[in-house]
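Visitor: I am new to this structure, and I would like to be led through it slowly. Could you take my questions in turn once it is in view?

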Amino acid sequence: MKSHRCMLFSVVLMAVASAAFAQSDAQKSSLAPAPSEAQKSFTTIKSLAGEWEGPVTVPEVPEMSGGKPMHASMRVTSRGHVLVHEFQEAGTPLDATKYDHPVTMLYLDGDQLTLVHYCDAGNRPRMIGKMSPDGKTVEFELKDISGSTEHHMHHGVFTIIDANHHTEDWTFMMNDKPVHAHFDLHRTN
């Protein structure tokens, strides 16, 4: 008889605990804070996951404009916590000894949208992003840099035209002189 009471007590205790956890979860979901500006910006940037190609225009170095299109590959990884952005000239193999192939990681760091650019110049600029009021542009400003500052990525802007078209504007500093590159990218898948 005593074992039946003990079993009944255990069943009742588990039922009460389950109800308490369910109520706690319901309260959490109804009290969840609205996403921060950084979270909204990151969600916008993650919508660019996919393969992209398009021309590059470099006003300061005209011979770099109008050549082969650039290819951008973007993928969400780490359970949705990181967007990996890789650039290369379209049609070139993934051979880092012969071709440029910078990699950029975008992620939330606390309440900041952060970008770290692993540059072919051998440094790692870190930038902080902010979304425009219309939600179509995310602009990144340099926060700090690891490695040489002689040649480095200094500024970046992602502008979403629609689900299959976006532009990227990057400013690269060469001996304290800015070089601007405009990429007009269309989704290939």
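Guide: Reading from the N terminus, the elements follow the order α-α-β-β-β-β-β-β-β-β-β-β-β, where helices (H or I, at least four residues) and strands (E, at least two) are DSSP runs numbered from the N terminus. This is a predicted model, in which local features need pLDDT of at least 70 and side-chain atom pairs count only at pLDDT 80 or more, while totals for chains, interfaces and linings use all residues. Residues are numbered from 1 along each chain as its sequence is written, and side-chain values use heavy atoms, with hydrogens and water left out.

Visitor: How many helices and strands does the secondary structure of the chain come to?
Guide: The order of elements just given opens with α-α and continues with β. Taken as a total, the secondary structure comes to two helices and eleven strands.

Visitor: Over which residues does pLDDT stay under 50?
Guide: pLDDT is the predictor's confidence in each residue, from 0 to 100, and the chain averages 87, with 84% of the residues scoring at least 70. One stretch has zero contacts beyond four places in sequence in the model, a contact meaning heavy atoms within 4.5 Å. The stretch where pLDDT stays under 50 is residues 6–22.

Visitor: Which strand gives the most residues to the largest nonpolar core?
Guide: A nonpolar core is a set of buried Ala, Val, Leu, Ile, Met, Phe, Trp, Tyr and Cys residues joined through side-chain atoms within 4.5 Å, and buried means under 20% relative accessible area, exposed over 50%, partly exposed in between (1.4 Å probe, protein chains only). The largest such core has 29 residues, of which Ile45, Phe140, Trp170 and Phe183 touch the most other members. With four residues, the strand that gives the most to this core is E11 (residues 177–187).

Visitor: Leaving aside neighbours within four places in sequence, which residues is Ile45 in contact with?
Guide: Ile45 is one of the residues that touch the most other members of the largest nonpolar core. Beyond its neighbours within four places in sequence, its contacts are Leu83, Leu106, Leu113, Val138 and Phe158.

Visitor: Are the rings of Phe87 and Phe183 stacked, edge-to-face or tilted?
Guide: A search of the whole structure finds three aromatic pairs; rings of Phe, Tyr and Trp (its six-membered ring) pair if their centres lie within 6.5 Å, and planes under 30 degrees apart count as stacked, over 60 as edge-to-face and the rest as tilted. Phe87 in strand E4 (residues 82–89) and Phe183 in strand E11 are 96 residues apart, so that distant parts of the chain are linked, and both residues are buried. Their ring centres are 4.5 Å apart and their planes stand at 35°, so the pair is tilted.

Visitor: What kind of pair do the rings of Phe140 and Phe158 make?
Guide: Phe140 lies in strand E8 (residues 137–146) and Phe158 in strand E9 (residues 151–162), 18 residues apart. Phe140 is buried, with a relative accessible area of 0%, and Phe158 is also buried, at 2%. Because the ring centres are 5.9 Å apart and the planes are at 75°, the pair is edge-to-face.

Visitor: Which residues lining the largest pocket are the closest to its centre?
Guide: On a 1 Å grid over the protein atoms alone, a pocket is an open set of points where a 1.4 Å probe fits, with protein on both sides within 12 Å along at least five of seven lines, and lining residues have an atom within 4 Å of a point. About 740 Å³ of space lies in the largest pocket, and E4, strand E10 (165–174) and E11 each supply at least two residues of its lining. Of the 28 lining residues, the closest to the centre are Met64, Met70, Asp100, Pro102 and Phe183.

Visitor: Is Ala121 buried, partly exposed or exposed?
Guide: Ala121 lies in the loop between strand E6 (112–118) and strand E7 (124–131), and beyond its neighbours within four places in sequence it is in contact with His151 and Phe172. With a relative accessible area of 40%, Ala121 is partly exposed.

Visitor: What is the phi of Ser78?
Guide: Ser78 is found in the loop between strand E3 (70–77) and E4, where at 42% relative accessibility it counts as partly exposed. Although Ser78 is not a glycine, its phi is positive, at about 55°.

Methods: Grid points are joined across faces, edges and corners, and a volume is the space filled by probe spheres set on the points.
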